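The following exercises are to be worked with the sequence and the structure at hand. Each task is followed by a solution in steps.

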Amino acid sequence: MLKPAQGRLPSLWESCWSAIQSLRPAFSRHVSFMWFATVVAGLMVRPELRGVTSIIRALNLRPNFYHPLRNHFHSNAIKLDRLAALWTQAVLRLFPGPVRVNGRLVVVGDGIKVPKRGKKMPAVKLLHQQSNCSTKPEYIMGHSLQAVALLVNAASSFFAVPLAVRIHEGLVWSNRDKRTLLDKMLGLIQTLMITEPLYFVADAYYAAGKIVKGLLKQGNHLVSRVRSNAVAYLPAQPQNGPRKRGRPKFYGKKIRLKSLLTDVKSMEELVSPVYGERDVKIRYRVCDLLWRPVGQLVRFVVVIHPTRGACLLMSTDLSLGAADIIRIYGLRFKIEHMFKQAVGLIGTFAYHFWMMDMTPLRYRNGNQHLHRQSDRYREKIRGKIHAYHVFMQAGAIAQGLLQYLSVVFPKLVWDSFGSWLRTIRQGIAPSEFVVGNVMRETLPDFLVNCAKSDSLAEFIADRQDTDSMRIFRLAS
């Protein structure tokens, strides 16, 4: 790994390159690793979201490198699952303060639907959007993805650092494949190879027996919201007198969780532990009840907020207090902010790879069934999905590196920030937008001063279009 000169602090780009080098074992060829590092650097600094072309322009690469860079995403030299696992290990090592509760990491998961209208893009299907926003259409054509992020402390705030994103709908490889989105989310968590115990925080969609059983099998726990029509049971009372025939009764009285909200005066009061709230008091009630999907006791917390209304939460960890459950679930929105930055700033989902030999899709098309297609056709589909996943993983790493520089080097970031902000809040880490601007402004100095000592700077500098740079300097 790169070592700075004696007595000199490493620059932001040198620290970034030092972090990227830990991902080298995920690539079977060195040139593939260097191209991937170049893509990550381009995603960090590009001011526009126009696919591979914007990376070429942001790094001022020669036009003849467009096709090698595009072909890089389809390379078999990139081991995607290994890359995601190595990036997860790097995040745990680089960030000084991952959020821990009861000694467990806090991992957040959710899904996102990305609009795509390409008729020759695999896995594009008709998707239903559940949103209260009137500007969103009810149905769109696009990719359905699931993502996993790690919560870390960032000064007095928090970041959701993206670990992996995958397309989990749209393709049916075999008519015997019965996996659901819940199974694929469990598989994605397992791919990350996190050896420490964790809490998986998700919305009500993931409050299902399949998720709970899978997490408990891995030694982890679920913290989530439950639907308003959910029910649970009291443990059955022991039978008096001689035992009757048949299996002993396990479930007792049926409890509708919504009914726990009726008697407000008997509920306990607490100063809200939700992030960002001050001097707000909430009422809550805790009940440990049997939940049929898993057949064991689960801790339910019903909450009444003075402005946000009622909420039903659950945790499979009976040792977790109500305040911690409310606080952990209150941080779940950080993955929504992560998605916002990934869409609008990084361009993690702005990939444009078409498959010329693909049968064109029809509008409002559903899943694409591939079990009757030829092996050659199926292999091409796999290669295109691999390219999408490599692009999204590069975007996740680029966003995570911007967050890393914000958390570890905030003073250096602000000292290098050459633009203007109306308000700089004290105690708040620089945003990905601020760090991205700094990286864009300091990139020329990095390429000029470190081209002989830094392999990434040398790799990019050797492929830059020096003629256009010379013409620009003469014109100015």
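## Exercise 1. Cysteines and disulfides

The sulfur of cysteine 16 lies 12 Å from the closest cysteine sulfur, that of cysteine 450, which is too far for a bond. The model under study is a predicted one.

Task: Determine how many disulfides the model contains, and examine cysteine 16 and cysteine 311.

Solution.

Step 1. A disulfide is a covalent bond between the sulfur atoms of two cysteines. The cut-off applied here is a sulfur pair within 2.5 Å.

Step 2. For cysteine 16, the closest cysteine sulfur, in cysteine 450, is at 12 Å, so a bond is excluded.

Step 3. For cysteine 311, the closest cysteine sulfur belongs to cysteine 287 at 15 Å, again too far for a bond.

Step 4. The count of disulfides is zero.

Step 5. As to surroundings, cysteine 16 is buried with a relative accessible area of 1%, whereas cysteine 311 is partly exposed at 22%.

## Exercise 2. Overall form

Task: Decide whether the radius of gyration of the protein agrees or disagrees with that of a compact globule, and describe the fold in numbers.

Solution.

Step 1. For 476 residues, the expected radius of gyration of a compact globule is near 23 Å. The protein has 25 Å, which agrees with that expectation.

Step 2. The C-alpha trace spans about 95 × 60 × 45 Å along its principal axes.

Step 3. The secondary structure consists of 14 helices and 15 strands.

Step 4. Of the 476 residues, 51% are buried. Among contacts with a separation of 6 or more, 67% join residues 24 or more positions apart.

Step 5. The accessible surface comes to about 23900 Å², and carbon and sulfur atoms contribute 52% of this area.

Step 6. The protein carries 68 positive and 31 negative charges, whose mean positions are 9 Å apart.

## Exercise 3. Two helices and their cover

Task: Establish which residues of helix α1 are buried, and which elements cover the buried residues of α1 and α7.

Solution.

Step 1. Helix α1 comprises residues 12–20, and nine of its nine residues are buried, so the helix is largely enclosed by the rest of the structure. The buried residues include Trp13, Glu14, Cys16 and Trp17.

Step 2. The cover over the buried residues of α1 includes α2 (30–45), α5 (80–94), α10 (375–408), α11 (410–416), α12 (432–449) and α13 (455–461).

Step 3. In helix α7 (residues 209–217), the buried residues are Gly209, Ile211, Val212, Gly214 and Leu215. Their cover includes α6, β7 (198–202), β8 and β12 (281–291).

Step 4. Just after α7, glycine 219 adopts a positive phi of about 80°.

Step 5. Histidine 221 lies in strand β8 (residues 221–225) and is buried, with a relative accessible area of 14%. Apart from neighbours within four places in sequence, histidine 221 is in contact with residues including Arg104, Tyr199, Leu215 and Asp317.

## Exercise 4. Positive phi outside glycine

Task: Compare the locations of alanine 123 and aspartate 279, and state for each whether the residue is buried or exposed.

Solution.

Step 1. Most residues other than glycine have a negative phi.

Step 2. Alanine 123 has a positive phi near 75°, and aspartate 279 has a positive phi of about 55°.

Step 3. Alanine 123 belongs to the loop between β2 (104–115) and β3 (125–128). Its relative accessible area is 1%, so alanine 123 is buried.

Step 4. Aspartate 279 is placed in the loop between β11 (268–271) and β12. With 79% relative accessibility, aspartate 279 is exposed.

## Exercise 5. Two loop residues

Task: Locate alanine 77 and arginine 176, and state for each whether the residue is buried or exposed.

Solution.

Step 1. Alanine 77 is in the loop between α4 (66–72) and α5. Its relative accessible area of 1% makes alanine 77 buried.

Step 2. Beyond residues up to four places away in sequence, alanine 77 touches Ala26, Phe27, Ser28, Arg29 and Ser32.

Step 3. Arginine 176 occupies the loop between β6 (171–172) and α6 (181–191). At a relative accessible area of 68%, arginine 176 is exposed.

Step 4. Between the C-alpha atoms of arginine 176 and alanine 37 there are 39 Å in space, with the two positions 139 residues apart in sequence numbering.

Methods: Residues numbered from 1 in each chain as written. Predicted model: local features only at pLDDT ≥ 70, side-chain atom pairs only at ≥ 80, totals over all residues. Heavy atoms only, no water. Buried < 20%, exposed > 50% of the residue type's maximum accessible area, 1.4 Å probe, protein only. Helix = DSSP H or I, 4+ residues; strand = E, 2+ residues; numbered from the N terminus. Rg over C-alpha atoms; globule rule 2.2 N^0.38 Å. Contact = heavy atoms within 4.5 Å. Areas by Shrake-Rupley, 256 points an atom, 1.4 Å probe, with all protein chains shown as cover. Lys, Arg positive; Asp, Glu negative; His and termini not counted. Charge placed at Lys NZ, Arg CZ, Asp CG, Glu CD.
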